[in-house]
Structure formats: C-alpha cells, structure tokens
Amino acid sequence: GTDYQRNHVKSTIVLADLDEDAKRLGYFHNAGYFELEGADFDRLFRVGAAPDPTFLPLFAELVRVDRVVRRPPGELAQLAAARLGVSLGRRPSTSPVRRFQARFEQDLPRLQELGLAHYHAWAFATTRQLGAAAELLSLHLRWLADAGGHDDLRPAADRFQEVSGLAKTFILKAARAVNSRKPFDAAPLFDEMAGAWDGGMATLDHWAAAQPVGASA
C-alpha cells in the first residue's frame with residue numbers, strides 16, 4: 001500500500017488469468033485473489049514504455065501441475081502434522097522476538113536519521129516478515145485443526161495471530177517515531193509479542209509431546 005504508484009518493488013504473484021486485449025490480469029497473492037487492469041496493467045508490463053536498464057524486469061517461473069498428487073484433506077493434514085513436528089524441533093533456541101527487540105533498540109537512532117523511506121524498507125525486511133510468518137503459522141494451525149481434528153492447536157493459532165496483529169501495530173508506531181524523531185519506548189509492545197510467541201510455542205510443545213511415537217518422523 002505505501003509503495004503503490006510510488007516505488008518499483010519486488011513481490012511475488014501467481015498469474016491465473018491474463019487478457020492482453022482487455023488489459024486485465026487476475027492473480028493470487030498471499031491468501032487472496034486479485035485483479036488489475038488499465039494503467040496498472042500497462043505499468044506492470046511496461047506497455048509502450050522505453051527500455052530502462054534500471055527497471056527490475058519480470059522474472060517468471062512455470063508451475064507444472066501435470067504430476068500433481070491430489071490427496072484428501074485428512075491425509076494432507078496427517079502429513080502436515082508430521083512435518084510440523086519436525087519443523088518445531090528446528091525452531092530458534094532463543095526468542096526471535098527478543099532478538100529483534102535488541103536490534104530495533106540498536107537501530108532506532110539510525111532509522112530516525114535516515115528517515116521514513118529507509119524505515120519502510122527496513123520494516124519490510126524485519127517487522128513485516130515477523131508478522132507474516134506468525135500469521136501464516138496461525139492459518140496453518142487453524143487448517144490442521146479443521147482438516148485433521150487437532151483442536152488442541154487452536155490456542156496456539158490464537159497466540160500467533162496475536163503476534164501478527166502486534167507486529168502491525170508496531171510498524172505504525174515505529175513509523176511515527178521515525179518521522180517525528182521522538183523517543184519511542186517499544187518495550188511494552190515487545191513484551192506482549194514475546195509473551196504471545198512464547199505462549200504459542202509452549203502450546204505447540206505440549207501438542208508435540210502428546211503425539212504418538214513416530215508421528216513426526
């Protein structure tokens with residue numbers, strides 16, 4: 001939203017419907033399906049624009065589905081639950097939220113010096129990734145609860161959704177602090193995020209310990 005018609009930034013979409021004559025593109029991005037048309041279509045594909053070596057070109061990959069294996073939701077959930085157990089064992093040994101807090105406190109003076117444009121690029125690589133990862137995990141856990149009957153994962157999904165919401169709040173409050181160059185005590189927000197993260201992970205640990213032996217092999 002902050003870069004629309006202002007900056008040329010990198011993103012990833014899945015093209016689903018392309019109509020060159022109507023200048024319309026339908027695509028999937030994150031959890032939604034969207035369409036763009038008209039001037040947005042021209043700007044995306046640089047219709048009529050002169051060559052510009054400084055402009056990041058499109059990079060496309062073909063998604064092949066000719067060998068796709070379609071499994072019923074219950075079987076998919078069973079496989080996914082096993083992978084979740086493996087991934088849980090590979091999580092960071094210390095809280096990434098607390099490590100991020102220490103880095104933010106270190107970076108804040110420099111962020112205020114460089115200004116809002118630099119902050120948004122910084123936030124995209126840090127705070128947004130934290131919030132997005134937490135939200136994706138929350139969605140995955142809810143799907144496992146619905147498709148695989150793992151209702152004991154719902155409390156963890158709530159906690160990681162809380163992390164995502166707090167990350168969004170943090171982005172806005174930190175942006176105001178950078179723009180105003182006023183002191184910003186982010187400790188209360190980080191305390192909430194860290195508490196939600198730790199609570200979610202504790203619930204996942206409890207869930208994993210209750211799984212049958214070999215279920216996460």
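# Aromatic rings, salt bridges and a pocket in a predicted model

Ring pairs join Phe100, Phe104, Tyr119, Trp122, Phe170, Phe184 and Phe190 into a cluster. The structure described here is a predicted model, and this report considers its aromatic pairs, a strand hairpin, its salt bridges, a pocket and two loop residues in turn.

## Aromatic pairs

A pair of aromatic rings is described by the distance of the centres and the angle of the planes. The count of aromatic pairs in this model comes to 14. One of them is formed by Tyr27 and Phe34: the ring centres lie 5.9 Å apart and the planes stand at 35°, so this pair is tilted. The class follows because an angle under 30 degrees would count as stacked and one over 60 as edge-to-face, with the rest called tilted. Tyr27 is buried, with a relative accessible area of 15%, whereas Phe34 is partly exposed, at 39%.

A further pair consists of Phe104 and Phe190. Their ring centres are 6.1 Å apart and their planes meet at 45°, so this pair is tilted as well. Phe104 belongs to helix H3 (residues 96-114) and Phe190 to helix H7 (residues 187-209), so the pair ties together parts that are 86 residues apart in sequence. Phe104 is buried, at 1% relative accessibility, and Phe190 is buried, at 0%. Both Phe104 and Phe190 are members of the cluster named at the start.

An aromatic ring may also have a charged side chain over its face. Arg46 lies over the face of Phe55, at 4.2 Å from the ring centre.

## The hairpin of E1 and E2

Strand E1 (residues 14-19) and strand E2 (residues 24-29) run antiparallel and are joined by 5 bridges. Within this pairing, Leu18 has Leu25 in E2 as its bridge partner. The hairpin has 4 residues between the strands, and Lys23 takes a positive phi near 55° there. Asp19 and Arg24 also meet through their side chains, in a salt bridge with an N to O distance of 3.6 Å.

## Salt bridges

Side chains of opposite charge can pair when their charged atoms come close. The structure holds 12 salt bridges. The table presents three of them, each with its N to O distance.

| Salt bridge | N to O distance |
|---|---|
| Asp19 and Arg24 | 3.6 Å |
| Glu75 and Arg71 | 2.9 Å |
| Arg154 and Asp146 | 2.7 Å |

How exposed are the residues of these bridges? Asp19 is partly exposed, with a relative accessible area of 25%, and Arg24 is partly exposed at 25%. In the bridge of Glu75 and Arg71, Glu75 is partly exposed at 32% relative accessibility, and Arg71 is partly exposed at 37%. Arg154 is partly exposed, at 30%, while Asp146 counts as exposed, at 56%. The bridge of Arg154 and Asp146 is part of a wider arrangement, for Asp146, Asp151 and Arg154 are linked in a network of salt bridges.

## The second largest pocket

Rolling a probe the size of a water molecule over the atoms shows where empty space is left. The second largest pocket has a volume of about 220 Å³. Its lining is made up of Ala80, Arg83, Leu84, Ser87, Leu88, Arg91, Pro92, Leu137, His140, Trp197, Met201 and Leu204.

Which helices each supply at least two residues of this lining? They are helix H2 (73-88), helix H5 (127-148) and H7. H2 gives the most to the lining, with 5 residues. H7 is also the helix in which Phe190 of the aromatic pair lies.

## Two loop residues with positive phi

Most residues other than glycine have a negative phi, and most peptide bonds are trans. Asn30 has a positive phi of about 55° although it is not a glycine. Asn30 is placed in the loop between E2 and strand E3 (32-37), and Asn30 is exposed, at 74% relative accessibility.

Where does Arg181 lie? Arg181 is found in the loop between helix H6 (154-180) and H7. Although Arg181 is not a glycine, its phi is positive, at about 60°. Arg181 counts as exposed, with a relative accessibility of 56%.

Methods: Residues numbered from 1 in each chain as written. Predicted model: local features only at pLDDT ≥ 70, side-chain atom pairs only at ≥ 80, totals over all residues. Heavy atoms only, no water. Pairing = 2+ DSSP bridges. Phe/Tyr/Trp six-rings, centres within 6.5 Å; stacked < 30°, edge-to-face > 60°. Buried < 20%, exposed > 50% of the residue type's maximum accessible area, 1.4 Å probe, protein only. Lys NZ or Arg CZ within 6 Å of the ring centre and 35° of its normal. Salt bridge = Lys/Arg side-chain N within 4 Å of Asp/Glu carboxyl O. 1 Å grid on protein atoms, 1.4 Å probe; cavity = no way out; pocket = protein on both sides within 12 Å on 5 of 7 lines; lining within 4 Å. Points joined across faces, edges and corners; volume = space filled by probe spheres on them.
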